[in-house]
Amino acid sequence: MTSCVFLLCMNTLGTLMSLPISAYSTFIIEEKHGFNKQTLNFFVKDKIKNFLLVQVISLPITAAAITIVKWGGRYFFIWLWVFAVVTSLFIMTIYPEFIAPLFDKYTPLPDGVLKTKIEELAKQVKFPLYKFIL
């Protein structure tokens, strides 16, 4: 529990300390070069969502890792490695469906030359482009 509270405090402190630099980067530097598409309201919402998501993901993973170290015995590092691999694969699986849409809007590529070229290339290398619903 102590480690999770420490992680929460460090994440909070890190987020608060990086906020001015992030705001400067977004609203001054990106704006100067014409890349900024964010409003202040969107920026704040994005930062809050990011902070909460990091806590929801990192705190249980940290607690599980500490538990594995405590209970893993002499070869805890093997169990910790297995946990890391499984956790990484799980997060890579859920990221495109559940996490990324929280921050960005995804729309299908419109019909046109680019879409046709991509589909042709995918067929050449036998890469499946479409999700199959089971």
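1. Start with Phe 77: in this predicted model, Phe 77 has a relative accessible area of 47% and is partly exposed. That value falls short of the exposed class because exposed means over 50%. Tyr 75 also comes out as partly exposed, at 47% relative accessibility.

2. Now for the company Phe 77 keeps. Tyr 75, Phe 76 and Phe 77 make up one aromatic cluster. Have a look at that stretch in the viewer and you'll find the three side chains by number.

3. How many aromatic pairs does the structure hold? There are three. One of them joins Phe 27 and Phe 43 in an edge-to-face arrangement, with 5.1 Å from centre to centre and 70° between the planes. Phe 27 belongs to helix α1 (residues 2-32) and Phe 43 to helix α2 (residues 40-71), so this pair ties together parts that are 16 residues apart in sequence.

4. Is Phe 43 buried or exposed? Phe 43 is buried, with a relative accessible area of 5%. Its partner Phe 27 is partly exposed, at 24%. Phe 27 misses the buried class because buried means under 20%.

5. Another of the aromatic pairs takes us back to where we began: Tyr 75 and Phe 77 are edge-to-face too, with centres 6.1 Å apart and 65° between the planes. The edge-to-face label fits because the planes need to be over 60 degrees apart for it.

6. On to charges. Which side chain lies over the face of Phe 103? That would be Lys 49, at 5.6 Å from the ring centre.

7. Side chains of opposite charge can pair when their charged atoms come close. Searching the whole structure turns up one salt bridge. The side chains involved are those of Asp 111 and Lys 115, with 3.2 Å from N to O. Asp 111 counts as exposed at 69% relative accessibility, whereas Lys 115 counts as partly exposed at 22%.

8. Finally, the annotation. UniProt, in an unreviewed entry, lists residues 2-105 as "domain: CAAX prenyl protease 1 N-terminal". In the model, the chain over residues 2-105 is 88% helix and 0% strand. The C-alpha atoms at the two ends of that range are 37 Å apart. Helix α1 (residues 2-32) and helix α2 (residues 40-71) are among the helices to look for there.

Methods: Residues are numbered from 1 along each chain as its sequence is written. This is a predicted model: local features need pLDDT of at least 70, side-chain atom pairs count only at pLDDT 80 or more; totals for chains, interfaces and linings use all residues. Side-chain values use heavy atoms; hydrogens and water are left out. A salt bridge is a side-chain nitrogen of Lys or Arg within 4 Å of a carboxyl oxygen of Asp or Glu. Buried means under 20% relative accessible area, exposed over 50%, partly exposed in between (1.4 Å probe, protein chains only). Rings of Phe, Tyr and Trp (its six-membered ring) pair if their centres lie within 6.5 Å; planes under 30 degrees apart count as stacked, over 60 as edge-to-face and the rest as tilted. Helices (H or I, at least four residues) and strands (E, at least two) are DSSP runs, numbered from the N terminus. A charge sits over a ring if NZ of Lys or CZ of Arg is within 6 Å of the ring centre and within 35 degrees of the ring normal. UniProt positions are given in the numbering used here, feature names are shortened, and annotations may be inferred rather than shown by experiment.
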